[in-house]
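Me: I am new to protein structures. Could you take one part of this one and go through it closely, in short steps?

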Amino acid sequence: MLRKILFALLGIAVLSLTACGGGEATKPTVEDKSVGAESSGVGAGTGVDGKSLDTQGKADLLAKRRIHFAFDSSAIDDDNRAIVNAHAAYLMANKNIKVVLEGNTDERGTREYNLALGERRAESVARMLKLLGVTPDRIKTVSYGEEKPVAMGHTEADWALNRRVEIIY
Amino acid sequence: MKAVQQLTKLMVVVLLVAYATPASAILTIEITQGVDGGLPIAIVPFGGAGKERPPQDVAAVIEADLARSGRFTALDKKVFVARPTDDKQVIFKDWRIVKAEALVIGNVQPVAQGRWQVEFRLYDIYKEKQLAGYSYVVAGDRLRAVAHQISDIIYEKLTGEPGVFSTRIAYVTRERDAKRFLYKLQIADSDGYNPVTVLNSVEPLLSPAWSPDGMRLAYVSFEQRRPILYMQNVVHGSRSRIAEFNGINSAPAWSPDGTKLALTLSRDGNPEIYVMQMSDNSLTRLTNNPAIDTEPSWSPDSKEIVFTSDRGGKPQIYRMRADGSNVERVTFEGDYNARASYSPDGKMLTLVSGAQGRYHAALLHLQSAVLQVLTDTTLDESPSFAPNGRMILYATERGGRGVLASVSSDGRVRQLLKLQEGDVREPAWSPFIHTTPTN
């Protein structure tokens, strides 16, 4: 939810571009085609609030919105597979909800390769959701490569947190 | 002829300053490794006339330029036995005594309306002759540009190769606001001075690529919250979207003649390399592989394109003909080689080479297949050659912050370019500027 608000704000704060000097500056405006107002149903809030005693419970898994990966890999391991399963079940139960999968990498290696790797990670999660029955029109993927780290440090622990796909409703 | 060329160079920069806003933060250069044994050159403080002092110490800029190149050693002024400012005052033996091999003298005089006349002369001490002498009349804020042009002339006369002091660099800065990051695409002189912001965004910017005429930058912007390719005229600021397909639109690389752009698109399912004709935006697909194919770069003769692919399991550099045929792998050392680009003579690639979790800017000598690591930093990105092939500029991390670094292609001279605050990344060195802007 917070993320959605943030996105809306980002949508409003569109680029400013500096224009020709002199008296009559023609300021090239950037067309705002932002999708900040994208409607996306009720969100997953209800599933997140109730905390199950069973640590492998569906609510707990659904509360996890990040799928993590090994270095230079887009393979989803068993722990993360369980999270994707829970989200697939949620999407199957709530057919009006769409999902955005944002692929991210750690900072190591080159930005362009990481952009491609982030996409591969997002597609990897998308593929699994589709296998579990979610129709492709409800899934959108985007890669941010190494551009949007959640941990700002430069240690192995930071990198592990940053190699992720964000599941966003 | 030369003067006309220089004048047009000046015009390019003047126009650039006219449309863009001055940036607050400036890149500062710190020489982290110098060399002994540069050509000893005496640069005499320039003379003047009248009480008015020029707003820029032209001789000091020249001295800093030449010292930074690593190919000259500027002699300590304390040993000078004379301080000539014009031709009549030059006595060659004064300079043989201090072991200077070259001498630079000059003067800066005010003329009307805040303009200045700059004269300089370069001498070969042993041959006892003048190698170059020029006069310029410019506004006060152009004195640095004149100094860089003089540095270029000196460099070329003494080394036989063109200097890059009058070229510029484009790069991306990231600063933190109260709540978010702010990204700026900036262009500065090659010594970091006169930065101007040509684009502001709250979303990431990457991969700026200069057109061969130095007039346009192609780059990737996430302003629509996905990677879309833009092209911007750096003279008047107009910009357009050039690729906005589903998926990734990125990794722009101009063909040497500027008529085509190689790029990466994942519109057909996974990242592939395409070539776009700039005349009609038509696309030709060059790669077709389920692996990641990205980071294309043209050979200087336009016949080949190198790119990064993980079709062998890990990212490595491959080479193909410009029509996509004859793909061959060119890197075999290390478990991560990416973002290759050619040296201006086509004999080397600079690339990011990773092994044991360390990522260095490196050189691959194409003839011998020798891979030469250039740096001791471990998170290097985006290396590219200076247009004369003598330096490699790249991004790295120092003290937790993004900085730019340069290293001479022989590995002997190293510099850091950093901001007072925030990160700087994605450097791209401009080409030499030869064309005349038509307003």
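**A close look at chain B**

Reply: The domain assignment splits chain B into domain 1, residues 34–159, and domain 2, residues 168–429. Bear in mind that this is a predicted model.

Start with the spacing. Taken over C-alpha atoms, the centres of domain 1 of chain B and domain 2 of chain B are 36 Å apart. The two domains do touch: eight residues of domain 1 of chain B and eight residues of domain 2 of chain B take part in the contact.

Now look at the side of domain 1 of chain B that touches domain 2 of chain B. Two elements of chain B each give two or more residues to this side: α2 (58–69) and α4 (143–159). The largest share comes from α2(B), with three residues. Sorted by class, this side of domain 1 of chain B has two nonpolar, three polar and three charged residues.

Next, turn to the cores. The largest nonpolar core has 83 residues. Within this core, B:Tyr219 and B:Leu263 touch the most other members. Take B:Leu263. Beyond its neighbours within four places in sequence, B:Leu263 contacts B:Leu229, B:Ala243, B:Ser250, B:Ala251, B:Pro252, B:Tyr274 and B:Met276. There is also a second, separate core, with 36 residues. Among them are B:Val61, B:Trp95, B:Phe120 and B:Ile150. As a general point, nonpolar side chains tend to be buried together in soluble globular proteins.

How values were computed:
Residues are numbered from 1 along each chain as its sequence is written. Chains are lettered from A and ligands numbered from 1 in the order in which they are written. This is a predicted model: local features need pLDDT of at least 70, side-chain atom pairs count only at pLDDT 80 or more; totals for chains, interfaces and linings use all residues. A nonpolar core is a set of buried Ala, Val, Leu, Ile, Met, Phe, Trp, Tyr and Cys residues joined through C-beta atoms within 7 Å. A residue is buried if 20 or more other C-beta atoms lie within 10 Å of its own, exposed if 12 or fewer, and partly exposed in between; C-beta atoms are placed from the backbone. Two residues are in contact if their C-beta atoms, placed from the backbone, lie within 7 Å. Domain bounds come from an automatic or database domain assignment. Helices (H or I, at least four residues) and strands (E, at least two) are DSSP runs, numbered from the N terminus. Ala, Val, Leu, Ile, Met, Phe, Trp, Tyr, Cys and Pro count as nonpolar, Asp, Glu, Lys and Arg as charged, and the others, Gly among them, as polar.
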